[in-house]
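Good morning, everyone, and thank you for making room for me today. I would like to walk slowly through one protein model, so please keep the picture in view while I talk.

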Amino acid sequence: MIYLTSQKEDAILAFNTNTGKIIWENDEVLPKTLLASSEKEIFLFDQNGDIVALDAITGAKLWKFEFGRSIPSAILTNEALIFGTSSIYFIDRKTGQQKQPPLPVGDGVVAIHPKEKLLFVEGAETLTTLG
């Protein structure tokens, strides 16, 4: 499957990559940026400033996290969707709830090592273990 967002149509669509046919369309969400996806979920940033999770098979909305600021991308681990600007947010990928308080990082460079479950922040004295 391939997922495409259309701001002109205010929808996200799933296509069968073999046939080119639309599998589902969700016009309930106003997509802006596709952040991450797995076989089970799609995570996107919408035009209202929210992070939204959709079921990858049906397109149904699973949850919404009200964020209010633009984010360019996110990282998906087994348990969390991780994103941020001046703070890093860890959102439970199944419930949409924060797993822990946001981690302030200022303007530091951030790198995530999902396999080792570590978050590196430039200038930080400690590492954060990811959930």
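**A walk through the strands**

Let me begin with the overall layout, where the secondary structure of the protein comes to zero helices and 14 strands. Please keep in mind throughout that what you see is a predicted model. If you follow the chain from the N terminus, the elements run β-β-β-β-β-β-β-β-β-β-β-β-β-β. The protein has 131 residues, and buried residues make up 39% of them. Its accessible surface comes to about 7,600 Å², and 48% of that surface belongs to carbon and sulfur atoms. If we take the contacts between residues at least 6 apart in sequence, 26% of them join residues at least 24 apart.

Now let us turn to the charged side chains. As a general point, side chains of opposite charge can pair when their charged atoms come close. How many salt bridges does a search of the whole structure find? The search finds six, and I will take you through some of them.

One of these joins Lys64 and Asp50, whose closest N and O atoms are 3.9 Å apart. This pair links distant parts of the chain, since Lys64 is in strand 7, residues 61–66, while Asp50 is in strand 6, residues 50–55, and the two are 14 residues apart. Are the two partners buried or exposed, or something in between? Asp50 has a relative accessible area of 8%, and because buried means under 20%, Asp50 is buried. Lys64, on the other hand, has 40% relative accessibility and counts as partly exposed.

Lys64 also has another partner, for its side chain meets that of Glu66 in a salt bridge, again with 3.9 Å from N to O. Glu66 has 60% relative accessibility, and because exposed means over 50%, Glu66 counts as exposed. Taken together, Asp50, Lys64 and Glu66 are linked in a network of salt bridges, and that network includes a buried residue, Asp50, as well as an exposed one, Glu66.

Elsewhere, the side chains of Asp92 and Lys99 meet in a salt bridge, with 3.9 Å from N to O. Lys99 is partly exposed there, with a relative accessible area of 36%.

Let me move on to the rings. The structure holds seven aromatic pairs. In one of them, the ring centres of Phe43 and Trp63 are 5.9 Å apart and the planes stand at 45 degrees, so the pair is tilted. Here, too, distant parts of the chain are linked, with Phe43 in strand 5, residues 41–46, and Trp63 in strand 7, 20 residues apart. Phe43 is buried, with a relative accessible area of 0%, and Trp63 counts as buried as well, at 5% relative accessibility.

There is also an aromatic cluster, formed by Phe65, Phe67, Phe83 and Tyr89. One member of that cluster has a charge above it, for the charged end of Arg69 sits over the ring of Phe67, 4.4 Å from its centre.

I would now like to look at strand 5 again, which is also where we find Glu41. Glu41 is buried, with a relative accessible area of 9%. Which residues is Glu41 in contact with, leaving aside its neighbours within four places in sequence? They are Leu54, Ala56, Leu62 and Arg93. For Leu62, which is 21 residues away from Glu41 along the chain, the C-alpha atoms of the two are separated by 8.6 Å.

A second buried residue that deserves a pause is Ser87, which lies in strand 10, residues 87–92, and has a relative accessible area of 16%. Not counting residues up to four places away in sequence, Ser87 touches Pro102, Leu103, Pro104 and Val105.

Finally, let us come out to the surface. Met1, Ile23 and Ile57 form a nonpolar patch there, with about 280 Å² of accessible area together. Met1 lies in the segment before strand 1, and with 42% relative accessibility it counts as partly exposed.

If you take one picture away from this talk, let it be strand 7, where Lys64 reaches Asp50 in strand 6 through a salt bridge and where Trp63 pairs with Phe43 of strand 5. Thank you for listening so patiently.

Terms used
Residues are numbered from 1 along each chain as its sequence is written. This is a predicted model: local features need pLDDT of at least 70, side-chain atom pairs count only at pLDDT 80 or more; totals for chains, interfaces and linings use all residues. Side-chain values use heavy atoms; hydrogens and water are left out. A salt bridge is a side-chain nitrogen of Lys or Arg within 4 Å of a carboxyl oxygen of Asp or Glu. Helices (H or I, at least four residues) and strands (E, at least two) are DSSP runs, numbered from the N terminus. Buried means under 20% relative accessible area, exposed over 50%, partly exposed in between (1.4 Å probe, protein chains only). Rings of Phe, Tyr and Trp (its six-membered ring) pair if their centres lie within 6.5 Å; planes under 30 degrees apart count as stacked, over 60 as edge-to-face and the rest as tilted. A charge sits over a ring if NZ of Lys or CZ of Arg is within 6 Å of the ring centre and within 35 degrees of the ring normal. Patches are made of residues with over 30% relative accessible area and no salt bridge: like charges are joined within 9 Å, nonpolar side chains (Val, Leu, Ile, Met, Phe, Trp, Tyr) within 5 Å. Accessible areas come from the Shrake-Rupley method with a 1.4 Å probe; for residues, only the protein chains shown count as cover. Contact means heavy atoms within 4.5 Å.
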